[in-house]
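Open the model in a viewer and keep the selection panel at hand. The stops below say what to select next and what is there.

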Amino acid sequence: RPPYSKEIYQPYHMNDGYTHDYVYIIPQDEPTHWYPANWGLVPNWFKGSPEEFYNNRKYNTLNARDDKIFESNSYKKSIREGRCLIFCDGFFEPHHYGKESQPYFCYLNESNNYEERAIFTFAGIYSTDGEGSYYTSLVTVDANPLFEKIHNNTKRMPLVLDRKFEEEWIKPEQGESIIKGIMDEGFTSKTFKAHPVINYRTKANKDVKYTEKVIEPQKSIDPEF
């Protein structure tokens, strides 16, 4: 049995990828169910435990670049056979200035406000141990004009899927050209808002509301998008 109950959803206020906590996915091998998955894909070629993989600093599989995903030894099996939808209602992106950075919280413009947010899905890939445990990575693509302004260093963004591409993304036996087409054209047509927030990695208190807008940020590129 997997080390969790499939019937229980455990909400969280924020999720730091480097702790490899659960996110929630719909995998292509069971498209009518959702499951918790550790954030950080463990490749099928790795023979050790997930903990050993995560503790090895050579590996970082939180994000999978679209332009390398079909050639990467870590991702090429999963992009063909293990695609998934990852549920989310907001995410953080850094804005860099010099050696410092200012985090921004990003959420759908259609949300009631930054505390009552609309849900969307990331395009993801996953691996599984065959015993019910899933491990996942976000697919990232070149940033659009909004996220290029926010994430000004690498100019990347997670692939938030337009609703019309969700079923196509997790459809089994999908061809490589179609998968690449979705990565190229599949970003949602919905708009996002973003505002500067406290840097969660400088605070140990998990009760802090990391999504609250910072009145006087370290470095603001705009009061709000």
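A residue is called buried here when its relative accessible area is under 20%, exposed when it is over 50%, and partly exposed in between, with a 1.4 Å probe and protein chains only. This is a predicted model, in which local features need pLDDT of at least 70, side-chain atom pairs count only at pLDDT 80 or more, and totals for chains, interfaces and linings use all residues. Residues are numbered from 1 along each chain as its sequence is written, and side-chain values use heavy atoms, with hydrogens and water left out.

**Whole chain**

Start with the whole chain in cartoon view. Its secondary structure comes to five helices and 10 strands; these are DSSP runs numbered from the N terminus, helices being H or I over at least four residues and strands E over at least two. Of the 225 residues in the chain, 47% are buried. Switch to a surface: the accessible area is about 12400 Å², and carbon and sulfur atoms hold 47% of that. Areas come from the Shrake-Rupley method with a 1.4 Å probe, and for residues only the protein chains shown count as cover. Among contacts (heavy atoms within 4.5 Å) with a separation of 6 or more, 65% are between residues 24 or more positions apart.

**Helix 5**

Select residues 176–185, which form helix 5. Which residues of helix 5 are buried? They are Ile 179, Ile 182 and Met 183. These three cover an arc of only 100° around the axis, which puts them on the same side of helix 5; the arc is that of the directions from the helix axis to the C-beta atoms. An α-helix has 3.6 residues a turn, so residues three or four places apart point the same way.

Add helix 2 (76–81), strand 4 (83–88), strand 8 (134–142) and helix 4 (166–169) to the selection, since the buried residues of helix 5 pack against them. Then turn to the face directed away from the buried side, where the exposed residues Ser 177, Asp 184 and Glu 185 are found.

**From helix 5 to helix 2**

Show the side chains of Glu 176 and Arg 80, which meet in a salt bridge at 3.4 Å, N to O. The pair links distant parts of the chain, with Glu 176 in helix 5 and Arg 80 in helix 2, 96 residues apart. A salt bridge is a side-chain nitrogen of Lys or Arg within 4 Å of a carboxyl oxygen of Asp or Glu. Glu 176 is partly exposed at 35% relative accessibility, and Arg 80 is partly exposed at 37%. A search of the whole structure finds nine salt bridges.

**Strands 8 and 9**

Next select Asp 142 and Arg 156, whose salt bridge has its closest N and O atoms 2.9 Å apart. Asp 142 is in strand 8 and Arg 156 in strand 9 (residues 156–158), so the pair ties together parts that are 14 residues apart in sequence. Are the two partners buried or exposed? Asp 142 is exposed at 56% relative accessibility, whereas Arg 156 is buried at 6%. Add Asp 66: salt bridges with shared partners join Asp 66, Asp 142 and Arg 156 into one network.

Another salt bridge is that of Arg 65 and Asp 67, at 2.9 Å, N to O. Arg 65 is partly exposed at 31%, and so is Asp 67 at 43%.

**Two loop residues with positive phi**

Select Lys 155, in the loop between helix 3 (145–150) and strand 9. Its phi is near 55°, a positive value in a residue other than glycine, and Lys 155 is partly exposed at 38%. Then move to Glu 173, in the loop between helix 4 and helix 5. Phi of Glu 173 is also positive, near 55°, and this residue is exposed at 78%.

**Cysteines**

How many disulfides does the whole structure hold? The search finds zero, a disulfide being a pair of cysteine sulfur atoms within 2.5 Å. For Cys 106, the nearest cysteine sulfur is that of Cys 88, 9.9 Å away. Cys 106 is buried at 0% relative accessibility, and Cys 84 is buried with a relative accessible area of 0%.

**A nonpolar patch**

Finish on the surface with Trp 34, Phe 87 and Ile 119, which make a nonpolar patch of about 270 Å². Patches are made of residues with over 30% relative accessible area and no salt bridge, like charges being joined within 9 Å and nonpolar side chains (Val, Leu, Ile, Met, Phe, Trp, Tyr) within 5 Å. Ile 119 is in the loop between strand 6 (100–108) and strand 7 (120–128), and is exposed at 53%.
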